[in-house]
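Let's walk through this structure together, moving from a pair of strands to a metal site and then out to the whole chain. Keep the 3D view open as you read.

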Amino acid sequence: MLILGIETSCDETGLALYETPERDSAMRHAPTGTLLAHAVHSQIAMHEAYGGVVPELASRDHIQRLVPLSRQVLEQAGRRIMDIGAIAYTEGPGLAGALLAGAAFARSLAQALGVPAIGIHHLEGHLLCPLLAARAPQFPFVALLVSGGHTQLMRVQQLGRYELLGETQDDAAGEAFDKTAQLLGLGYPGGPALSKLAESGQPGRYRLPRPMLDKGKNAGSLEFSFSGLKTAVLTLLKKASDTQNKVSHPDLARAFVDAVVDVLVAKCTLAIAQTGLTQLVVAGGVGANQQLRAALDAKAAASGFEVFYPAPELCTDNGAMIAFAAALRLQAGKTIPASEHAFSVRPRWDLSTLS
Ligand code: KG4
Ligand code: ZN
C-alpha cells in the first residue's frame with residue numbers, strides 16, 4: 001500500500017510516500033517497506049526575523065506548500081495520485097493552526113480518493129523513525145526524544161506502548177540551544193550554528209553547571225532541567241561586559257555544548273541501567289548534533305549498549321516518520337480511532353495515552 005505522510009505540526013511542511021508490501025501481516029519489528037520519496041519545506045527563513053515561530057504565518061505557509069510538495073513526492077516516486085492507498089497526517093501535538101492545515105488537507109484528499117486518513121502522534125513519529133534506518137533497533141528499547149519542544153526519556157515496549165521515564169522540568173534541550181545561540185547572536189534556530197561554533201572552541205575554558213546531575217538529590221533521577229544553563233551563559237556574558245573582559249564565543253559555545261551533552265549522555269546511561277535494556281534510540285532535532293552522537297557512541301561502546309539514530313535529515317520534522325508510523329499501525333491493525341468530527345487535531349496530546 002502506498003501511504004502519503006503529512007507533517008505540519010510546527011514550522012516544517014513534510015510530505016513523503018512510503019510503500020508497504022501488500023502481504024506483510026507477519027511484520028513485527030523490521031519494516032520491509034520502502035521510503036519512495038520525501039520532501040521538506042522549512043519555514044526557518046520566514047520566522048527568523050521574529051526570533052521564533054509565528055503561528056499564524058506558519059499555518060498560512062503550510063496551506064501554500066501542501067499541494068506543490070504532494071506533487072513533488074508523487075513525481076519523485078513515479079506514482080499517480082490515484083495510487084495512494086492511505087493518508088497519514090500529524091494530528092498532534094503542535095500548533096493548532098498548523099495542525100489544522102495538514103489535517104484539513106489530509107482528510108479532504110482522503111475523502112476525495114476514498115482512502116483512509118490516519119492521525120499520527122508527532123512524537124511517536126520521531127521515536128519510531130530510527131526503525132527506518134538500514135541498521136534498526138528492535139522493541140523494546142529506551143528512546144531519548146530531544147527536540148525544540150521536548151526532552152524525554154521513554155521506555156518503548158512495543159508499538160503504542162510508551163512509558164515516560166523522565167522529562168525536562170522547564171526548557172527542552174533544543175530550546176536551550178536556540179536561546180543560548182540567540183544570546184551569542186547566532187540567529188534562529190541556532191542549534192546547528194551553536195554546535196558548529198563549539199567545534200572551534202577550547203574545552204574547559206568556562207565551566208557551566210550540569211543541571212540535575214551536579215546536585216546529589218537529582219543525580220539518580222531521569223528528569224532534566226535546561227533553563228538554568230542559558231541563565232548561566234547570560235550571567236557570564238553580563239559579568240564580562242561589566243568588567244570589560246572579552247568572552248570567547250567559541251569557548252563559551254563549547255562549554256554549553258559540553259554541559260548539555262554530559263547531561264544527556266549521563267541520563268541515557270542511567271535509563272539503560274535502570275531499565276536493563278540494551279538499545280538506545282535517539283530522535284528529534286538535537287539528535288542531529290554531532291557532539292552528542294560522538295559522546296553517546298563512546299559511552300555505548302564503553303558500557304555495552306547500542307545506539308541507533310535516524311538518518312540526519314530525518315532527525316528534524318518530516319513526513320517520512322508520519323507515513324512510517326502509519327504503516328506500522330496499519331500493519332499491526334492499531335490505527336487510532338478517528339474522532340466524531342470530520343477532522344480533529346490535538347495541540348496537546350500525552351504520548352502515554354496511546355495504545
Ligand atoms: O525535532 P525538531 O525539528 O522540531 C521540534 O522541535 O519538534 O527539532 C528542532 C530543534 C531546534 O531547537 C534546533 O535548534 C535543534 O533541534 N537542532 C540542533 C541541531 N539540529 C537541530 N541542536 C543542536 N545541534 C544540531 N546539530
Ligand atoms: Zn518534532
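Two strands are said to pair if DSSP finds at least two bridges between them. With that in mind, look at this predicted model and find strand β4 (residues 84-92) and strand β5 (residues 117-121): the two run parallel and are joined by five bridges. One of the positions to click on is Ala 88, whose bridge partner in β5 is Ile 118. To get from β4 to β5 the chain passes through helix α3 (residues 96-113), and this β-α-β crossover is right-handed.

Just after β4 there is a detail worth a check of your torsions. Gly 92 and Pro 93 are joined by a cis peptide bond, with omega at about -10°, and Pro 93 sits in the loop between β4 and α3.

Now stay with β5 for a moment. In a regular strand, side chains alternate between the two faces of the sheet. Which residues of β5 lie on each side, and are they buried or exposed? Ala 117, Gly 119 and His 121 are on one side, Ile 118 and Ile 120 are on the other, and all of them are buried.

From here we come to the metal. The zinc ion (ligand 2) has His 122 (NE2), His 126 (NE2) and Asp 317 (OD) as its protein donors, at 2.1 to 2.2 Å. Along the chain these donors follow the spacing H-x3-H-x190-D. His 122 belongs to helix α4 (residues 122-128), while Asp 317 is in the loop between β10 (306-308) and α10 (320-332), so this pair ties together parts that are 195 residues apart in sequence. Both His 122 and Asp 317 are buried. The angles among the four donor atoms run from 89 to 146°, and the site is irregular; the tetrahedral label would need all angles between 85 and 135 degrees.

Two further backbone features are easy to find. A second proline, Pro 189, is linked to Tyr 188 by a cis peptide bond with omega of about -15°. Met 212 has a phi near 70°, a positive value in a residue other than glycine, and is buried, with a relative accessible area of 16%.

Finally, zoom out. The chain has 10 helices and 10 strands. Its radius of gyration is 21 Å, close to the 20 Å that the globule rule gives for 355 residues, so the chain is as compact as a globular protein of that length. Buried residues account for 52% of the 355.

Conventions
Residues are numbered from 1 along each chain as its sequence is written. Chains are lettered from A and ligands numbered from 1 in the order in which they are written. This is a predicted model: local features need pLDDT of at least 70, side-chain atom pairs count only at pLDDT 80 or more; totals for chains, interfaces and linings use all residues. Side-chain values use heavy atoms; hydrogens and water are left out. Donors are N, O and S atoms within 2.8 Å of the metal (3.2 Å for Na, K and Ca); water is not among the atoms, so sites may look incomplete. Four donors count as tetrahedral if all angles lie between 85 and 135 degrees; four count as square planar and six as octahedral if opposite donors are over 155 degrees apart and all others between 65 and 115; anything else is irregular. Helices (H or I, at least four residues) and strands (E, at least two) are DSSP runs, numbered from the N terminus. Buried means under 20% relative accessible area, exposed over 50%, partly exposed in between (1.4 Å probe, protein chains only). A crossover is right-handed if, with the strands pointing away from the viewer, the path from the first strand over the helix to the second runs clockwise. The radius of gyration is taken over C-alpha atoms; the globule rule is 2.2 Å times the number of residues to the power 0.38.
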